[in-house]
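Work through these exercises with the model open. Each task is followed by a stepwise solution.

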Amino acid sequence: MEDLGYTTGGTVTGSSSLSSGLRALRPAAFGADPGGERLARIQGSPHFKDGVFQNPGGVARTRPSGSMLDFAKKYFEKQERARRAPRGTIPVHPTTVADLARPASSGLRATWTGHSSVLAEIDGHRVLFDPVWGERCSPFPFAGPRRLHPVPLPLAALGPVDVVVISHDHYDHLDLPTIRSLAGTDTLFAVPLGVGAHLEQWGVSPDRLRELDWHEETKVGGLTLTATPARHFCGRGLRNTQHTLWASWVVAGERHRIYHSGDTGYFDGFKDIGADHGPFDLTMIQIGAYSEYWPDIHMTPAEGMRAHLDLQGGQPHGVLLPIHWGTFNLAPHAWAEPGEWTRDAGDEAGQAVALPRPGEPFEPSGKLPADPWWRTVSAPIARPWRLTVRPGNAPEREDLDLASEA
């Protein structure tokens with residue numbers, strides 16, 4: 001599970017000298033709390049109420065529900081732990097500088113580098129979503145979830161990036177070493193309201209920040225970026241003040257439109273986002289790190305497919321790229337379950353799904369990567385869908401497990 005283990009609702013009390021000492025021990029990865037004009041803008045947001053940012057549709061549970069003992073048994077039991085990791089080396093596409101230097105023939109190309117990190121090349125511009133090149137998604141270099149596969153290529157090998165887009169400030173989406181590396185470039189940063197405080201603390205100059213509330217937009221070259229709602233939460237330090245916003249993002253160019261969900265539970269607002277900004281040539285949808293213990297803040301593959309269809313006006317359209325899976329062990333489900341189940345959900349809905357290896361570029365209008373590459377290193381995955389109608393009028397099939405199809 002992501003950042004939940006590092007946030008509490010408590011406050012630090014005591015003498016000023018004790019407070020100063022604690023601040024001195026504060027890891028740099030905790031970032032900075034918003035203040036000054038930034039805090040005033042947060043407090044004036046229509047989405048900020050009773051001292052915290054509010055989710056669409058009311059309160060979302062941000063901590064595990066149900067019995068913590070049951071959760072601990074499931075999460076730490078030896079056999080369950082084995083399911084949550086690959087059995088061998090994850091196949092990573094050997095992306096080269098030449099692959100990314102060649103212009104996209106259609107004007108739209110995406111390269112998923114793992115988890116929620118995607119380089120989107122859209123209408124002559126380059127957008128990097130939630131870049132995480134660090135070894136762990138944690139404030140500490142010696143603890144926390146570690147990468148299950150290497151990054152497909154060095155950060156510098158991506159080439160120039162016009163804008164870096166951050167969905168929220170959890171460690172698996174906002175990575176200190178990655179931001180510090182990018183701070184030395186000319187790229188701009190588009191972030192949700194309040195997140196700019198972290199980036200300034202880490203060396204990003206304020207004139208390179210575009211900090212948005214939901215439904216606000218900014219222009220970067222020929223692109224329009226809009227922060228749109230999501231159902232999640234925030235927090236990096238010992239106190240979760242809920243003073244930084246979380247968002248999904250719409251990026252519209254002259255010819256193409258794309259959507260990145262960030263982290264979110266399913267909510268009716270996907271329909272509104274689609275009506276206002278869609279349809280989309282490509283959606284990047286969170287379909288991993290879900291659990292019955294936190295159903296409000298992450299989507300299952302079935303919910304991710306439903307969200308995509310909502311964004312497209314209720315009908316299959318464009319291409320869905322599954323994100324937020326495969327790279328870090330953050331939930332009790334089997335490691336490859338999100339990929340396998342999203343593949344089935346796409347078949348059931350008649351929706352095109354791209355399933356690239358980490359680092360494999362593809363163009364949504366071209367031939368899509370569809371090979372279930374995870375099967376070579378995965379334990380068998382339970383198959384929950386019974387497909388009664390398959391594309392091409394293929395025959396029905398009963399519930400199958402992965403081993404029967406491998």
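**Exercise 1. Surface and fold**

What is the accessible surface of the protein chain, and what percentage belongs to carbon and sulfur atoms?

Solution. Keep in mind that this is a predicted model. Step one: the accessible surface comes to about 16700 Å². Step two: carbon and sulfur atoms hold 53% of that surface. Step three: turn to burial. Of the 406 residues, 57% count as buried, with buried meaning under 20% relative accessible area. Step four: list the secondary structure. The chain has eleven helices and 15 strands.

**Exercise 2. Cores**

Which residues touch the most other members of the largest nonpolar core?

Solution. Step one: this core has 67 residues. Step two: the residues with the most contacts to other members are Phe-129, Leu-225, Trp-249, Ile-258, Leu-282 and Leu-321. Step three: separate off the second core. It has 36 residues, including Leu-128, Leu-158, Phe-233 and Ile-297. Step four: follow Leu-321. Leaving out residues up to four places away in sequence, Leu-321 touches, among others, Trp-112, Val-118, Leu-282 and Phe-362.

**Exercise 3. Cavities**

How many cavities of 30 Å³ or more are there, and what lines them?

Solution. Step one: the count is two. Step two: take the largest, with a volume of about 100 Å³. It is lined by 14 residues, and Gly-326, Phe-328, Asn-329, Leu-330 and His-333 are the closest to its centre. Step three: sort that lining into seven nonpolar, six polar and one charged. Step four: take the second largest cavity, of about 50 Å³. Its lining includes Arg-83, Arg-87, Trp-335 and Ser-378. That lining divides into eight nonpolar, one polar and two charged residues.

Note on methods
Residues are numbered from 1 along each chain as its sequence is written. This is a predicted model: local features need pLDDT of at least 70, side-chain atom pairs count only at pLDDT 80 or more; totals for chains, interfaces and linings use all residues. Side-chain values use heavy atoms; hydrogens and water are left out. A nonpolar core is a set of buried Ala, Val, Leu, Ile, Met, Phe, Trp, Tyr and Cys residues joined through side-chain atoms within 4.5 Å. Buried means under 20% relative accessible area, exposed over 50%, partly exposed in between (1.4 Å probe, protein chains only). Contact means heavy atoms within 4.5 Å. Helices (H or I, at least four residues) and strands (E, at least two) are DSSP runs, numbered from the N terminus. Accessible areas come from the Shrake-Rupley method with a 1.4 Å probe; for residues, only the protein chains shown count as cover. On a 1 Å grid over the protein atoms alone, a cavity is a set of points where a 1.4 Å probe fits but cannot get out, and a pocket is an open set with protein on both sides within 12 Å along at least five of seven lines; lining residues have an atom within 4 Å of a point. Grid points are joined across faces, edges and corners, and a volume is the space filled by probe spheres set on the points. Ala, Val, Leu, Ile, Met, Phe, Trp, Tyr, Cys and Pro count as nonpolar, Asp, Glu, Lys and Arg as charged, and the others, Gly among them, as polar.
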